Amino acid sequence: MSDEYTQEWIRKAEEDYEVALVLVRKRKRPTPSAVGFHCQQCAEKYLKAFLVKRDVYFPKTHDLLELHKICLTINPSFELIGDLLDGLTPFAVEFRYPGEEISIDEAKLAVRTVKKVRQFIRDILDIP
């Protein structure tokens, strides 16, 4: 795929990252579920950017672990972020609907986690 398409994925990932950073700082009417969701989305889009850059097909999925498995076939160093991705996976769907809630502390952990995932993939993609 083109570098332009890779850049589109990165731009979308950065939008989710910025939204998560803004929302996690809210004191009045906090939205921890939304923070977690945007953290998961950021990680998902960075994984997809990596795969697009390598011209590797991936299914239409929000499952970070499925995308992670594909990334591992290309670059074994992705093993280093497997546990981080596992921690972000539930934020895609589980906490988006009634019945499940996350705490503000869990939302803060999601932000710390996605920062590590984001930096790992940006380093691999050679993005400052």
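Which residue forms a salt bridge with Asp3? Hello everyone, let me answer that and then walk along the helices from there. One reminder before I start: this is a predicted model.

So, the partner of Asp3 is Lys53, and the closest N and O atoms of the two are 2.8 Å apart. Asp3 belongs to helix α1, residues 3–24, and Lys53 to helix α2, residues 32–53, so this salt bridge ties together parts that are 50 residues apart in sequence. As for its surroundings, Lys53 has 37% relative accessibility, which makes it partly exposed.

Now move along to the next pair, Asp16 and Lys45. Here the salt bridge has its closest N and O atoms 2.5 Å apart. Again distant parts of the chain are linked, with Asp16 in helix α1, Lys45 in helix α2, and their positions 29 residues apart. Are these two buried or exposed? The cut-off for buried is under 20% relative accessible area. Asp16 counts as buried because its relative accessibility is 7%, and Lys45 counts as buried as well, at 15%.

Let's stay in helix α2 for a moment. Lys48 and Glu44 also meet through their side chains in a salt bridge, at 2.8 Å from N to O. This pair sits within one helix: the two residues are four apart in α2, so about one helical turn separates Lys48 from Glu44. Both ends of this bridge are buried too, Lys48 at 5% relative accessibility and Glu44 at 2%.

Back to helix α1, please. Glu14 is part of a network of salt bridges together with Arg118 and Arg122. Glu14 is also among the buried residues of α1. The others on that list include Trp9, Ile10, Tyr17, Leu21 and Val24, along with Asp16, which we have just met. What covers them? Helix α2 and helix α5, residues 104–124, are included in the cover over the buried residues of α1.

And how does the length of α1 work out? With 22 residues at 1.5 Å a residue, α1 should span 32 Å, and its end C-alpha atoms are 31 Å apart, so the two values agree.

To close, how many salt bridges does the count come to? The count is six. If you have the model open, please start at Asp3 and Lys53, the pair with closest N and O atoms 2.8 Å apart, and then look at Asp16 and Lys45, where that distance is 2.5 Å. Thanks for listening, and I'm happy to take questions!

Notes:
Residues numbered from 1 in each chain as written. Predicted model: local features only at pLDDT ≥ 70, side-chain atom pairs only at ≥ 80, totals over all residues. Heavy atoms only, no water. Salt bridge = Lys/Arg side-chain N within 4 Å of Asp/Glu carboxyl O. Buried < 20%, exposed > 50% of the residue type's maximum accessible area, 1.4 Å probe, protein only. Expected span 1.5 Å × (residues − 1). Contact = heavy atoms within 4.5 Å.
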